[in-house]
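Thanks for coming. I will take one structure today and go through its fold, one helix, the cores and the charged pairs. Please have the sequence and the model open.

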Amino acid sequence: MTTGVVLERKLELVLALLMPENALVARVMLCTGLRVGDVLSLTPKQIKPSTRVTEAKTGKSRVVRIPKKLCDEILRRSNEHWAFPSPRDGMKHRTRQAVWADIKRAQKACRFSTNLGTHSMRKAYAVKLMHRYHDLARVQAALLHDRPEVTMLYALADKLCGAV
């Protein structure tokens, strides 16, 4: 079994153990490569199959694709302000810390020695693109990385660490 397949299975197990709202956040990260903060700050108006997102960290903008079925699921759980509202205060969005803690809880429950967190989803996205295209420049462009060395660490994460 390849390390890519092992990684996919680990992530499937973790996703299955997450709270449903956090699993939705993780699924968006996995299909777009966005950072958790950028996903959490999405508004219902942005939830469509093709949407432009400006990254908070870099200020760079890109178009991401979210499968229609996933869009529908997110919109069913959203409120008028946020695609991923806080369960305590609907005027705020869910926190990065809440998603991270849930991923850590699921990792622990699976007894994985691999260190997983929210950024693991971004790395898994890079690994998936590298397996699909075999083109580091294309992966770099998709992640909006400035340096190919950083992209290489992401795109080969399954080989360098055995998993993300």
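One definition before I start: when I say that residues are in contact, I mean heavy atoms within 4.5 Å. With that in hand, look at helix α7; the elements covering its buried residues include β2 (61-65), α6 (118-133) and α8 (148-155). I will come back to α7 in a minute. Bear in mind throughout that this is a predicted model.

The overall picture, then. The protein chain has nine helices and two strands, and along the sequence they run α-α-α-β-β-α-α-α-α-α-α. The radius of gyration is 15 Å, close to the 15 Å that the globule rule gives for 164 residues, so the chain is as compact as a globular protein of that length. Along the principal axes, the C-alpha atoms fill a box of roughly 40 × 35 × 25 Å. Of the 164 residues, 46% are buried. If you take the contacts with a separation of 6 or more, 56% of them are between residues 24 or more positions apart.

Back to α7, which covers residues 136-143. Which of its residues are buried? They are L136, V139, Q140, A142 and L143. Viewed down the helix axis, these buried residues fall within an arc of 160°, so they line one face of α7. A137 and A141, on the other side, are exposed. The two ends of the helix are also worth a look. At the start, a side-chain oxygen of D135 comes to within 3.1 Å of the backbone nitrogen of A137. After the helix comes L144, with a positive phi near 60°.

Now the cores. As background, nonpolar side chains in soluble globular proteins tend to be buried together. Here the largest nonpolar core has 36 residues. Within this core, the residues with the most contacts are L18, V25, V39, I74 and F84. Two or more residues come from each of α1 (3-17), α2 (20-32), α3 (36-40), α4 (68-77), α5 (96-110) and α6. Which helix gives the most? That is α2, with seven residues. To see one of the core residues in its setting, take I74: neighbours within four places in sequence aside, I74 is in contact with L24, V28, I47, A83 and F84. There is also a second, separate core of 10 residues, and its members include A126, L136, V139 and L143. L136, V139 and L143 are among the buried residues of α7 that I listed earlier.

Staying with α2 for a moment, T32 is in that helix. Is T32 buried or exposed? At 1% relative accessibility, T32 counts as buried. Its side chain reaches the backbone oxygen of V28 at 2.6 Å. Not counting residues up to four places away in sequence, T32 touches R62, V64, R65, I66 and Y125.

Last, the charged pairs. Side chains of opposite charge can pair when their charged atoms come close. In this model the count comes to eight salt bridges. I will go through some of them.

D146 pairs with K60, and the closest N and O atoms are 2.4 Å apart. This pair links distant parts of the chain: D146 is in the loop between α7 and α8, K60 is in the loop between β1 (50-54) and β2, and they are 86 residues apart. With a relative accessibility of 63%, D146 counts as exposed, while K60, at 24%, counts as partly exposed.

Where do D72 and K68 sit relative to each other? Both are in helix α4, four residues apart, so about one helical turn separates them. Their side chains meet in a salt bridge, 3.0 Å from N to O. D72 is partly exposed, with a relative accessible area of 29%, and K68 is exposed, at 53%.

R147 forms a salt bridge with E149, with 3.6 Å between the closest N and O atoms. E149 is partly exposed, with a relative accessible area of 48%. Finally, R35, E55 and R62 are joined into one network by salt bridges that share partners. R62 in that network is also one of the residues that T32 touches.

That is the set. I will take comments now.

Methods: Residues numbered from 1 in each chain as written. Predicted model: local features only at pLDDT ≥ 70, side-chain atom pairs only at ≥ 80, totals over all residues. Heavy atoms only, no water. Buried < 20%, exposed > 50% of the residue type's maximum accessible area, 1.4 Å probe, protein only. Arc of directions from axis to C-beta. Polar contact = N/O pair within 3.5 Å; in protein donor to acceptor, adjacent residues only side chain to side chain. Core = buried A, V, L, I, M, F, W, Y, C linked by side-chain atoms within 4.5 Å. Salt bridge = Lys/Arg side-chain N within 4 Å of Asp/Glu carboxyl O. Rg over C-alpha atoms; globule rule 2.2 N^0.38 Å.
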